[in-house]
Amino acid sequence: MRVAFGKLRARLAAGIGSTIAVCAATVYGILGAAPLPAVTGYTAGSRIEAGQWLVIPRRAWVSEEKKVLGVRLQEGERALVVEADLSNRTQASTRDYAKLLKLQSVGGVSVPDPEVALVREARPLPLLHPGLAERVAFVWKLPASAVLPTSLEADVVAKTYKPVDNLYGTPGWFNPRVVGRITMAVEMTENLAGRAS
Amino acid sequence: MNARDPAAARDATERRWRRHSLWLLVLLLPLAMVVVMHDSARTWWSGRALIAREVPTGGEADLGGASWRLRALRMAPLPAGKRIPENAMGVVAEFAVQVQDADVRKNWAGCEIALEDGQGRRWMPTRVLPLPRSEARECVLAAGSGPKAGDTVRIRHAFLVPRDAAAALRATVALGPQRPRYLRFAQPPTLVQ
Amino acid sequence: MAAAVLFAMQRSTPRYQDLTGPIPAYGNIGKAASTRLFDIEVERVEFARQLVGKRFGGETRHESAGVWAIVTARMVARSRSVNVTHAVWEGPTGLRYELSDRPEFLPDLPPHTLEPGLPQRGRFVFEIRPDQILGATLLVSEGPFPRLDSEAHVALNALPTAADGLPPIAEAFDLQQAGGRP
């Protein structure tokens with residue numbers, strides 16, 4: 001009788017563990033399959049808090065010039081430029097803005113990472129200092145075959161601050177995630193507009 | 001009495017072994033440290049120029065598969081200017097080096113020509129002094145130009161040193177693979193105007 | 001009791017970054033800071049809204065979203081030639097402003113090559129937020145990550161102040177002016 005009761009308890013203990021595991025897996029599966037929450041939409045002039053940066057998009061334009069704000073273009077390439085005010089919200093001067101804006105595919109072509117330039121002086125890869133807002137331009141090089149867009153959509157990617165990271169115990173910004181989507185109209189420079197019409 | 005004897009004997013043996021182990025620790029700990037650190041120690045030892053070989057004035061010495069001779073060590077006071085601090089003396093060291101082993105790229109890797117004073121201070125070559133054109137070049141460039149065995153290369157470097165310490169300076173040559181041994185030339189600098 | 005002691009030990013153990021961080025050498029304006037490789041004495045700190053320099057025959061003017069802070073210091077190497085490349089303006093709340101990368105090819109800017117026995121003047125230029133002017137510290141080191149190596153911490157106290165309690169901010173600062181190299 002006692003032996004039988006002991007076996008029952010053992011079976012119950014094993015059963016509870018695996019039941020919990022199966023339930024947890026089911027819950028994760030249900031949550032993962034749920035539709036993504038709607039992404040906040042932003043337009044030119046909105047203040048976007050994106051982790052390390054406070055972003056205020058200003059204007060977007062395309063250009064065919066050989067050199068756009070210090071960025072060199074190859075033969076036939078066009079530049080899609082998004083000007084935004086960037087304010088450094090972190091504790092130290094940084095250049096970590098390369099992945100801040102993710103351009104959704106334009107004219108059916110996937111675009112490479114943008115080059116960033118300081119609008120004030122047409123200088124590439126500016127160092128941005130804590131608490132100071134500067135107007136920078138994100139320049140995407142569109143190949144000659146791409147159709148020039150009249151409006152663009154770009155995801156804003158923000159990282160979160162971790163005071164103690166898992167590897168070295170040092171503070172840092174990790175886990176990029178999309179916090180919003182900017183929709184803007186794209187202006188054309190005069191010579192391009194003249195040709196299009 | 002019968003039951004206690006083997007127990008007492010076991011205790012004594014155990015105590016003796018404990019004592020032996022403690023004494024062995026004195027030997028084993030340093031041994032463990034040597035095993036763990038010997039690589040870092042070797043890197044530290046060969047990372048710095050520590051052991052000088054004096055070369056008398058006018059003499060030659062072998063280092064890194066070549067025979068080194070100090071051709072000239074000249075110094076001149078410099079007026080303070082855009083890139084020259086006050087109280088500076090410019091020193092130019094020129095070597096004639098006869099290459100014996102043509103594998104100069106490997107032998108002369110990390111070539112460092114410096115000026116040393118009696119207290120161990122070292123001055124590295126400077127770039128701010130414009131020198132007249134000559135076939136003498138910097139050590140790294142001379143090594144990269146691929147000299148063959150038997151060639152004589154001329155190596156020249158300029159230094160910025162304080163005027164009051166200039167007379168006591170001696171030229172030194174240190175090569176990467178040869179460290180911590182290096183050459184120190186006993187020839188004092190001569191003042192030119 | 002043992003749990004409490006262990007918990008206290010775990011909480012108070014310094015992090016890897018602190019254990020291997022820079023070793024500070026303190027100084028302030030007028031008192032030199034002495035690090036392993038060099039001594040540095042800050043002579044003066046000036047502020048301006050514009051930075052002016054000459055480049056390739058033309059004049060360049062740099063404006064900033066904040067204020068330009070120009071530190072003039074006298075430095076000398078201690079035992080061997082050293083290149084001082086890194087400096088940070090640490091504000092009173094801990095904000096770290098790195099050297100501004102905008103004024104390039106202008107004289108007296110880092111990297112400063114120092115020789116033993118030859119003191120020379122050099123400048124460090126920063127763009128800072130105006131409220132970070134008072135109570136700041138200048139951190140100077142040979143390279144950008146002084147791990148287990150000394151770093152000069154010069155307290156920028158006793159700045160000459162104007163009537164409003166802040167140091168005077170000039171309209172323009174000319175980097176070519178005398179007072180750079182001696």
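A polar contact is taken here as a pair of N or O atoms within 3.5 Å, where, within protein, one atom must be able to donate a hydrogen and the other to accept it. By this criterion, 11 residue pairs, both members at pLDDT 80 or more, are in polar contact between chain A and chain C of the predicted model. The side of chain A that touches chain C is made up of 11 nonpolar, 7 polar and 5 charged residues. Two pairs of chains touch, and the pair formed by chains A and C has the most contacts. Chain A and chain B, by contrast, do not touch, their nearest C-alpha atoms being 23 Å apart.

The contact between chains A and C draws 23 residues from chain A and 22 residues from chain C. The size of an interface is often expressed as the accessible area that is lost when the parts come together. For chain A and chain C this buried area is about 1,700 Å², with 51% of it on carbon and sulfur atoms. Within chain A, the residues that lose the most area to chain C are A:Arg123, A:His129 and A:Leu132, which together account for 28% of what that side buries. The rule for salt bridges finds 2 across the interface of chain A and chain C, and one of the salt bridges in the model joins the side chains of A:Arg95 and C:Asp101, with an N to O distance of 2.7 Å.

The interface of chain B and chain C was examined in the same terms. Here 17 residues of chain B are in contact with 14 residues of chain C, and the area buried between these two chains is about 1,200 Å², to which carbon and sulfur atoms contribute 55%. The rule finds 0 salt bridges across the interface of chain B and chain C, while 4 residue pairs, both at pLDDT 80 or more, are in polar contact between these chains. On the chain B side, the elements that give two or more residues to the surface touching chain C are β6 (122–123) and β7 (152–162), and the largest share, 3 residues, comes from β7(B). By class, the residues of chain B on this side comprise 8 nonpolar, 4 polar and 5 charged.

Enclosed space was considered next. Rolling a probe the size of a water molecule over the atoms shows where empty space is left. Over the whole structure, the search finds 3 cavities of 30 Å³ or more, of which the largest has a volume of about 80 Å³. The lining of this largest cavity consists of A:Ala50, A:Gln52, A:Trp53, A:Asp96, A:Tyr97, A:Ala98, A:Lys99, A:Leu100, A:Val157, A:Ala158 and A:Lys159. Strand β11 (residues 151–162) of chain A supplies the largest share of that lining, 3 residues, and the lining as a whole divides into 7 nonpolar, 1 polar and 3 charged residues.

The second largest cavity has a volume of about 60 Å³, and its lining includes residues of both chain A and chain C. From chain A the lining residues are A:Leu118, A:Pro126, A:Leu127, A:Leu128, A:His129, A:Leu132 and A:Glu134, whereas chain C provides C:Asp101, C:Arg102 and C:Glu127. By class, this lining is divided into 5 nonpolar, 1 polar and 4 charged residues. Among the residues that line this cavity, C:Asp101 is also the partner of A:Arg95 in a salt bridge, and A:His129 and A:Leu132 are also among the residues of chain A that lose the most area to chain C.

Terms used. Residues numbered from 1 in each chain as written. Chains lettered and ligands numbered in written order. Predicted model: local features only at pLDDT ≥ 70, side-chain atom pairs only at ≥ 80, totals over all residues. Heavy atoms only, no water. Contact = heavy atoms within 4.5 Å. Buried area = accessible area lost by both parts, 1.4 Å probe. Salt bridge = Lys/Arg side-chain N within 4 Å of Asp/Glu carboxyl O. Polar contact = N/O pair within 3.5 Å; in protein donor to acceptor, adjacent residues only side chain to side chain. Nonpolar A, V, L, I, M, F, W, Y, C, P; charged D, E, K, R; others polar. 1 Å grid on protein atoms, 1.4 Å probe; cavity = no way out; pocket = protein on both sides within 12 Å on 5 of 7 lines; lining within 4 Å. Points joined across faces, edges and corners; volume = space filled by probe spheres on them. Helix = DSSP H or I, 4+ residues; strand = E, 2+ residues; numbered from the N terminus.
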